[in-house]
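Trainee: Could you go through this structure with me? I would like to begin with one residue on the outside and work from there.

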Amino acid sequence: MRNRITGWLYWAALGVSAIGLFGCLISTLWIGALVWIVVGAGAAYGLAAKRRASDRAAAKVIADRADGQNRDYLEGRPSGVYGQFEPRELP
């Protein structure tokens, strides 16, 4: 649940910074525009970090499953060859 909330906060910060940047550029407040650029860049970095963490977690799950299947193969278990999809017994 916490990851979902932080994702929404990052997207909200990115949207607000875009609106603030647009407002500052229209009224020629260049220093204010720099503040909004920094806020938007921080939100974009947070979103990218969240995506990288998610990708690393997914890769770890796959690697753990592959290591388990390799162990099974070395020990002569059928799950080492077939993984989760073992063939049916022949009649």
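**Starting from one residue**

Mentor: In this predicted model, Leu 74 counts as exposed because its relative accessibility is 64%, and the cut-off for that word is over 50%.

Trainee: Which helix is Leu 74 in?

Mentor: Leu 74 belongs to helix α2, which covers residues 30–74.

Trainee: And which residues form the nonpolar patch on the surface?

Mentor: The patch is formed by Tyr 73, Leu 74, Val 81 and Tyr 82, and together these residues have about 470 Å² of accessible area. Helix α2 and helix α3, the latter spanning 79–82, each contribute at least two residues to this patch.

Trainee: Changing topic, how many helices and strands does the chain have?

Mentor: There are three helices and zero strands, and reading from the N terminus the elements run α-α-α.

Trainee: How does the radius of gyration of the chain sit beside that of a compact globule?

Mentor: For a compact globule of 91 residues one would expect a radius of gyration near 12 Å, whereas this chain has 24 Å. The box filled by the C-alpha atoms, taken along the principal axes, is roughly 80 × 25 × 20 Å.

Trainee: What share of the residues is buried?

Mentor: Buried residues account for 15% of the 91 residues in the chain. As for the accessible surface, the chain has about 7600 Å² of it, and 66% of that belongs to carbon and sulfur atoms.

Trainee: Can you show me a buried one? Why does Ser 17 count as buried?

Mentor: Ser 17 counts as buried because its relative accessibility is 4%, and the word applies under 20%. Ser 17 sits in helix α1, residues 2–26, and, leaving aside residues up to four places away in sequence, Ser 17 touches Trp 36, Val 39 and Gly 40.

Trainee: What about Leu 34, which helix does that lie in?

Mentor: Leu 34 is in helix α2, and with a relative accessible area of 49% Leu 34 is described as partly exposed. If you look for Cys 24, you will find that Leu 34 and Cys 24 are ten residues apart in sequence, with 9.0 Å between their C-alpha atoms.

Trainee: And what share of the contacts join residues far along the sequence, say at least 24 apart?

Mentor: If you take the contacts in the chain between residues at least 6 apart in sequence, 38% of them join residues at least 24 apart.

Trainee: Now charges. How many salt bridges are there in the whole structure?

Mentor: A search of the whole structure gives three salt bridges. In one of them Asp 64 pairs with Lys 60, and the closest N and O atoms are 3.0 Å apart. Both Asp 64 and Lys 60 lie in helix α2, four residues apart, which is about one turn of the helix.

Trainee: Are those two buried or exposed, or somewhere in between?

Mentor: Asp 64 is partly exposed, at 42% relative accessibility, while Lys 60 is exposed, with a relative accessible area of 52%.

Trainee: And which residues do the other salt bridges join?

Mentor: Arg 77 meets Asp 72 in a salt bridge of 2.7 Å, N to O, and Arg 77 also meets Glu 75 in a salt bridge, again given as 2.7 Å, N to O. Because these salt bridges share partners, Asp 72, Glu 75 and Arg 77 are joined into one network.

Trainee: How exposed are the members of that network?

Mentor: Arg 77 is partly exposed, with a relative accessible area of 43%, and Glu 75 is partly exposed as well, with 47%. Asp 72, by contrast, counts as buried because its relative accessibility is 16%.

Trainee: Which residues does Asp 72 touch?

Mentor: Asp 72, which lies in helix α2, touches Arg 77, Ser 79 and Gly 80, not counting residues up to four places away in sequence.

Trainee: Last thing: which element has the lowest mean pLDDT?

Mentor: Helix α3 has the lowest mean pLDDT among the elements, 78, and helix α2 has the highest, 89. Over the chain the mean pLDDT is 83, and 97% of the residues reach 70 or more. As a rule, predicted coordinates should not be read in detail where pLDDT is low.

Note on methods:
Residues numbered from 1 in each chain as written. Predicted model: local features only at pLDDT ≥ 70, side-chain atom pairs only at ≥ 80, totals over all residues. Heavy atoms only, no water. Patch = residues over 30% accessible without salt bridge, like charges linked within 9 Å, V, L, I, M, F, W, Y side chains within 5 Å. Areas by Shrake-Rupley, 256 points an atom, 1.4 Å probe, with all protein chains shown as cover. Salt bridge = Lys/Arg side-chain N within 4 Å of Asp/Glu carboxyl O. Buried < 20%, exposed > 50% of the residue type's maximum accessible area, 1.4 Å probe, protein only. Rg over C-alpha atoms; globule rule 2.2 N^0.38 Å. Contact = heavy atoms within 4.5 Å. pLDDT = per-residue confidence, 0-100.
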